[in-house]
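Could you walk me through this structure in the viewer, stop by stop? I would like to know what to select next and what is there.

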2 protein chains.
Amino acid sequence: MAPEGVHTVKSYEQELSRLRAMMTRMGGIVESQVAQAIAAVTAQDEDAARAAPGQDPQVDALERDVEGLAIRLLALRSPMASDLREIVAALKITGDLERIGDYASSIARRSTRFDLADSRISLSGLTAMGRLVQENLRRAIDAISQQDPERALEVWQSDQGVDEYYTAMFRALVTYMMEDPRNIGPCTHLLFIAKNLERIGDHATNIAERVYYAVTGENLPAYRPRGGLASDAAETSVTR
Amino acid sequence: MAPEGVHTVKSYEQELSRLRAMMTRMGGIVESQVAQAIAAVTAQDEDAARAAPGQDPQVDALERDVEGLAIRLLALRSPMASDLREIVAALKITGDLERIGDYASSIARRSTRFDLADSRISLSGLTAMGRLVQENLRRAIDAISQQDPERALEVWQSDQGVDEYYTAMFRALVTYMMEDPRNIGPCTHLLFIAKNLERIGDHATNIAERVYYAVTGENLPAYRPRGGLASDAAETSVTR
């Protein structure tokens, strides 16, 4: 039988990896919600539109479980340095994951509220934007499960691409609305969908920043302006 | 001279109230950002439009300070029960406050990008919605500083009013766009502004839920559907 000190250390490690596994699982569900949301819009897939919000309760339950375990670890283990940073990061990251799931459900619900059958509105921009957002989210979740700062850095670097897609989408949608008032209804929904995708990208970046800090103890190289400053400005030229 | 135990307890209490004071200060700044954002839109006040984003760095710095103090308290004091809940809630609430500040800045920046001078677009709905959101935010921040679950409950109860205002705004804005294509630019911005205000209301409710739990150890009476389910559905009748 192992001496008590060793046993304590081992089960502490086990609890930390359980925390990481719960986060990864939460990330996996949220990732599938985002995939369903994008399919609901771009392929008008009604099953996917129902499936994404259907997973919300699981995400909420996992958020509470992670919080419970994190609090227990904080209370009973008095973690220090990088362990403490990881547990605090977990508390923050679950908030980001929950928001991502929320945005995905919101996109999925919206997808059933308009019909593009008789319009010439193209969704190719949204498809490309969706692909990049999903790629970034995948990397952010890998960064959590592998505690890998390099992956985190990749997410952080490619968020600008998401903003550029958003700006292009915004311009295209306003143009469709100007061309034909029948486009106003669907394009209004598509504007919100594009914005929600951009926000999902922002939250993936937040996660990347938090993982990077938890693992390295350093903040990412430079302060990254959040909240779509660049894309806000680019909207102006179309709407003024 | 006080015995050492008493001294430790006292400075622990002092640190906890310092944490609360920092949160209240962060809340106060964010509150002023929201007031500036609303003035920027409804009174076309350009100074206010600049002032709101100007306070972002202060909010970010306070978020980091709260996080730093919370981590120190967790590491050195091994807090239990309600103290532990309060410190964990602080970590989550700063995230909500930061998002509220972010939405306010986004509204303020948008306010300079359109001009309602020659249109018949009315902002009376937005003004009323802004007033209710500000009231709720004020209550949420009072709930933090006074650790008052009653105030938290008030916020939680009146969020539905915010959603109703949002739905009415959404209908009105889509109607303006249908009437005259020259309204499409400004109304697109106003749609996002209304949505951001609704989100600020959601985050005030999140804060209320967290304060209630931290103080009482109980969740609020019933699960409140988040992400504007009700308002999403109400949008449909106009845009389909």
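**A tour of the model**

Start by showing the surface of chain A: about 9,700 Å² of it is accessible, and 52% of that belongs to carbon and sulfur atoms (areas are from the Shrake-Rupley method with a 1.4 Å probe; for residues, only the protein chains shown count as cover). This is a predicted model, in which local features need pLDDT of at least 70 and side-chain atom pairs count only at pLDDT 80 or more, while totals for chains, interfaces and linings use all residues. Residues are numbered from 1 along each chain as its sequence is written, chains are lettered from A and ligands numbered from 1 in the order in which they are written, and side-chain values use heavy atoms, without hydrogens and water.

Next, switch to the cartoon of chain A, which has eight helices and zero strands (DSSP runs numbered from the N terminus: helices are H or I with at least four residues, strands E with at least two).

Now select A:Cys187, which is buried at 0% relative accessibility (buried is under 20% relative accessible area, exposed over 50%, partly exposed in between, with a 1.4 Å probe and protein chains only). B:Cys187 is also buried, at 0%. Across all chains there are zero disulfides, meaning pairs of cysteine sulfur atoms within 2.5 Å.

Finally, go to A:Asn219, in the loop between α7 (184-216) and α8 (229-239). A:Asn219 is exposed, at 59% relative accessible area. Beyond its neighbours within four places in sequence, A:Asn219 is in contact with A:Tyr212 and A:Tyr213 (heavy atoms within 4.5 Å).
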